[in-house]
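The following paragraphs consider charged side chains and the elements that carry them. The reader is invited to keep the coordinates open while following the text.

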Amino acid sequence: MPHLVRRIAADALLWACLAVPAVGADRIGLNEPRSLGQELAGLAVLALAAALHRTWPLLAFLAVAALGLAASPSLFTVSYGPALAVFALLLGARGGGRGGPVAFVGIAVVATVRILVRDVDPAPEWLVLLGTLLFAGCFPWLIGRYWHQRVALVSSALARAEQLEREQRIVADRARLRERARIAQDMHDSLGHELSLLALRAGALQLDPELGARQRAAAAELRGAAADATDRRREIIGLLREAGESAPLAPAGETVEALVTRAQASGLDVRLHTEGEPEEVLRERTVHRVVQEALTNAVKYAPGAAVAVEVVRGDAGTLVSVTDEGAPGPPQGKDGTGLVGLRERVLDEGGTFQAGEHGDGFLVRAWLPVEPAAHRDAGPPASQVMIGLSRRTWVPFAVAGVAGVLLVAGTFAWYAYSKTHSVLSPAAYARLETGASASDVEEVLPEREVADPPDDRAPAPPAGADCRYYRASGRLFVSVEHFRLCFEGGRLVAKDAVPAAGKDRE
């Protein structure tokens with residue numbers, strides 16, 4: 001209920017504001033005088049439009065336009081011009097997208113018909129009509145449309161911001177889960193490597209002839225326990241990985257040379273060949289990760305086999321190759337998660353990855369370019385996008401504004417010309433006498449007649465006479481006294497002074 005009361009109060013205030021020029025224009029002589037019934041009918045239509053503009057904005061605008069057309073064929077009236085502009089603005093603000101242009105065209109057609117049926121010069125009337133439609137119709141409607149679109153855009157932006165906040169919370173939760181999986185994967189790879197080296201050393205002790213049977217049995221148990229721990233580690237940590245996920249893996253913080261040296265100390269037959277100097281830290285971490293995983297697989301699936309590690313660094317990138325001469329890699333259906341993660345990591349960095357049988361052994365090869373091979377087009381800069389949006393906003397207004405200024409200037413120039421060149425001075429009018437010949441009278445007449453004569457205020461003309469109207473003053477935008485000269489048979493048969501609007505005849 002309070003909301004309804006506020007709406008009614010707002011509509012009543014709107015009606016009161018628009019009623020001021022509707023009533024006041026007649027009182028100060030800016031319009032032709034109207035009867036009390038006409039004024040009350042106009043106020044009633046304004047009240048109806050104020051009540052309908054929220055639900056039927058197009059109907060409210062057309063009602064006010066009908067008022068303007070009833071008062072003037074050119075649509076321009078001081079009484080209803082402000083109301084026309086206000087309801088055109090509200091029509092655009094209420095989302096009247098297609099209704100506005102259709103209404104403008106319809107009003108222009110009706111007004112043109114009214115202008116043509118009148119026996120007056122149509123040129124100034126058309127100019128005034130176009131100016132009124134432009135400045136009291138199109139411009140306010142465009143502003144309302146811009147306002148409506150801006151409000152819709154802000155509402156959409158707020159809804160989008162709320163959605164982004166929800167998505168960010170989901171992303172944050174997912175990032176925490178991925179971080180846990182990454183930590184688990186780090187543990188998987190680091191512990192796997194260390195357990196593989198531990199099993200390798202236990203196997204060497206098992207084969208040491210200087211140890212007794214009891215010590216060799218203990219070494220065998222140690223090796224079996226390391227293998228069992230590796231399998232349990234793979235099963236437990238594997239539950240934390242998502243299918244196809246490649247989490248960023250942190251290396252142990254050592255160089256490839258230190259990694260190979262530690263593997264050699266554990267009894268692994270590994271040879272290292274390097275070319276070039278390490279430069280980019282992230283690329284070296286990936287190189288370290290590739291060598292570590294390849295050595296782990298060699299220890300697990302080809303114990304005792306010789307392993308060759310080659311790292312070639314060049315200007316274009318780094319080539320890593322690890323080859324063993326034992327079993328052909330992980331058996332089908334076992335482990336393999338380390339190689340899958342390596343492949344995805346290398347591909348993410350724009351490189352290539354290869355892992356498979358190579359002769360009697362297994363080959364792991366990775367190529368890491370200096371720069372990623374693919375970059376997605378980020379689109380035009382934000383500044384260019386904003387310039388394009390701004391241009392689409394102000395260009396229509398600028399074009400319409402220039403056209404409107406030219407139209408108004410032309411209308412005013414024609415109005416001033418037609419009014420000032422149809423002035424018969426009171427002194428010249430006083431010298432004219434009835435019965436004078438038309439040729440003598442025309443010598444003192446101005447070059448133009450009044451296009452919109454005030455025949456409603458003039459006395460009845462003589463029957464069969466041709467009457468002409470002239471302005472008594474060159475003042476603009478106010479009602480002035482007019483002179484009427486009536487001719488019949490080539491003679492001036494009557495002359496009358498027609499008072500200005502709101503004044504009685506003497």
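With which residue does Asp11 form a salt bridge? The partner is Arg54, and the closest N and O atoms of the two side chains are 3.3 Å apart. The model is a predicted one, and the distances given here are computed from it. Side chains of opposite charge can pair when their charged atoms come close. The criterion applied is a side-chain nitrogen of Lys or Arg within 4 Å of a carboxyl oxygen of Asp or Glu, and by this rule the count comes to five salt bridges. Three of them, including the pair just named, are followed below.

Asp11 belongs to helix α1, which covers residues 2–27, whereas Arg54 is found in the loop between α2 (36–52) and α3 (57–71). The pair therefore ties together parts that are 43 residues apart in sequence. The two partners can also be described by their accessibility. Asp11 has a relative accessibility of 13% and so counts as buried, while Arg54, at 27%, counts as partly exposed.

The second pair lies within a single helix. Arg289 forms a salt bridge with Glu293, with 3.1 Å between the closest N and O atoms. Both residues are in helix α9 (residues 281–301), and because they are four residues apart there, about one helical turn separates them. Are Arg289 and Glu293 buried or exposed? Arg289 is buried, and Glu293 is buried as well.

The third pair leads to a sheet. Asp496 forms a salt bridge with Arg484, the closest N and O atoms being 2.9 Å apart. Asp496 lies in strand β8 (residues 491–498) and Arg484 in strand β7 (residues 482–488), so this salt bridge ties together parts that are 12 residues apart in sequence. With a relative accessibility of 2%, Arg484 counts as buried; Asp496, at 21%, counts as partly exposed, because the buried class requires a value under 20%.

How are the strands of this sheet arranged? The sheet is open and has three strands in the order β6-β7-β8, with antiparallel pairing. Its edge strands are β6 (466–471) and β8, each of which pairs on one side only. On average, neighbouring strands of the sheet are turned by 20° against each other, direction ignored. Between β7 and β8, which run antiparallel, there are seven bridges. Within this pairing, Arg484 stands opposite Asp496 in β8, and the same two residues form the salt bridge with the 2.9 Å separation.

How values were computed:
Residues numbered from 1 in each chain as written. Predicted model: local features only at pLDDT ≥ 70, side-chain atom pairs only at ≥ 80, totals over all residues. Heavy atoms only, no water. Helix = DSSP H or I, 4+ residues; strand = E, 2+ residues; numbered from the N terminus. Buried < 20%, exposed > 50% of the residue type's maximum accessible area, 1.4 Å probe, protein only. Pairing = 2+ DSSP bridges. Axes fitted to C-alpha atoms, helices over the stretch in contact; angles between N-to-C directions.
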